[in-house]
Amino acid sequence: MINAIDQSGILAISTRLQRLGELLRKDGQQIYKAHGIDFEPKWFPVIYSLHANESLSVVEIANEIGYTHPSTISLLKELEAKKLVRSRKDKTDTRKRMISLTEKGQQLVTQMKPVWDIITAALNDLTNSTHNIMNAVNEVEARFKEKSFFERAEEIRKEQGRQ
């Protein structure tokens, strides 16, 4: 039986994507656990960005991962509590905090790299469909940069003569 959210089609795209994200995070956590790694998939964007960039400011991390500043701060607090990242004041601008992986964080990344290969292969298998979701996501993100969802809705509202 199809539920109301599934029946609503495009109107519930955000809910459907969130649901898919939850399924991926839940299984991702199981994959890490099966490999003896204590890791929350929600930490991945910060850990991966710091792995790729060595050191970033809080604002740079937020921009890199596309999260709000408060959400990024919340993740960083969790990662600091786990001793996976450390922060220090920037040498040139003391108002800015620079974040980097700790030794423990770097060791975790080394442990996770082979698992990332497995996850990548499993995700490629999962998304290998007629309408590849990564291609669609890339296209929608590019279109969002051209004109936001809100801007599009406002144009439609004005075209329909609604206030």
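A strand, as I use the word today, is a DSSP run of type E with at least two residues, and strands are numbered from the N terminus; in that sense Ser57 belongs to strand β1. Please keep in mind throughout that what we are looking at is a predicted model.

Let me stay with Ser57 for a moment. Its relative accessibility is 4%, and because buried means under 20%, Ser57 counts as buried. If we set aside the neighbours within four places in sequence, the residues in contact with Ser57 are Lys96, Arg97 and Met98.

Now the overall layout. The protein has eight helices and three strands, and, going along the sequence, these elements come in the order α-α-α-β-α-α-β-β-α-α-α. The radius of gyration is 19 Å, well over the 15 Å that the globule rule gives for 163 residues, so the protein is more spread out than a compact globule. Along the principal axes, the C-alpha atoms fill a box of roughly 55 × 40 × 25 Å. Of the 163 residues, 25% are buried, and, among the contacts with a separation of 6 or more, 44% are between residues 24 or more positions apart.

Next, a pair of helices. Two packed helices are described by the angle between their axes and the distance between the axes. Here helix α4, residues 58-65, packs against helix α5, residues 69-81, at an angle of about 110°, and the two axes are 9 Å apart. That angle makes α4 roughly perpendicular to α5, because the range for that description runs from 65 to 115 degrees. On the α4 side the contact is made by Val58, Val59, Ile61, Ala62 and Ile65, and on the α5 side by His69, Thr72, Ile73 and Leu76. What is the make-up of this contact of α4 with α5, in terms of nonpolar, polar and charged residues? Seven of the residues are nonpolar, two are polar and none is charged.

Following the chain beyond α5, we come to Lys83, which sits in the loop between α5 and β2, the latter being residues 85-89. Lys83 has a positive phi of about 60° although it is not a glycine, and with a relative accessibility of 56% this residue counts as exposed. Glu54 can be described in similar terms: its phi is positive, about 70°, and Glu54 is not a glycine either. Glu54 is placed in the loop between α3, residues 44-53, and β1, residues 55-57, and it counts as exposed at 65% relative accessibility.

Lys83 also leads us to Thr102, since Thr102 is in contact with Lys83, Leu84, Val85 and Arg86, once neighbours within four places in sequence are left aside. Thr102 is found in the loop between β3, residues 97-101, and α6, residues 103-127. Is Thr102 buried or exposed? Its relative accessible area is 11%, so Thr102 is buried. The side chain of Thr102 reaches the backbone nitrogen of Gly105 at 3.0 Å. From Thr102 to Asn128, which is 26 residues away along the chain, the C-alpha separation is 36 Å.

Finally, helix α8, residues 149-159. At its start, a side-chain oxygen of Ser148 comes to within 3.4 Å of the backbone nitrogen of Phe150. After α8 comes Gly161, with a positive phi near 70°.

Methods:
Residues are numbered from 1 along each chain as its sequence is written. This is a predicted model: local features need pLDDT of at least 70, side-chain atom pairs count only at pLDDT 80 or more; totals for chains, interfaces and linings use all residues. Side-chain values use heavy atoms; hydrogens and water are left out. Helices (H or I, at least four residues) and strands (E, at least two) are DSSP runs, numbered from the N terminus. Buried means under 20% relative accessible area, exposed over 50%, partly exposed in between (1.4 Å probe, protein chains only). Contact means heavy atoms within 4.5 Å. A polar contact is a pair of N or O atoms within 3.5 Å; within protein, one must be able to donate a hydrogen and the other to accept it, and residues adjacent in sequence count only if both atoms are side-chain atoms. Axes are lines fitted to C-alpha atoms, for helices over the stretch in contact, and angles run from 0 to 180 degrees between N-to-C directions. Angles under 35 degrees count as roughly parallel, over 145 as roughly antiparallel, 65 to 115 as roughly perpendicular and the rest as oblique. Ala, Val, Leu, Ile, Met, Phe, Trp, Tyr, Cys and Pro count as nonpolar, Asp, Glu, Lys and Arg as charged, and the others, Gly among them, as polar. The radius of gyration is taken over C-alpha atoms; the globule rule is 2.2 Å times the number of residues to the power 0.38.
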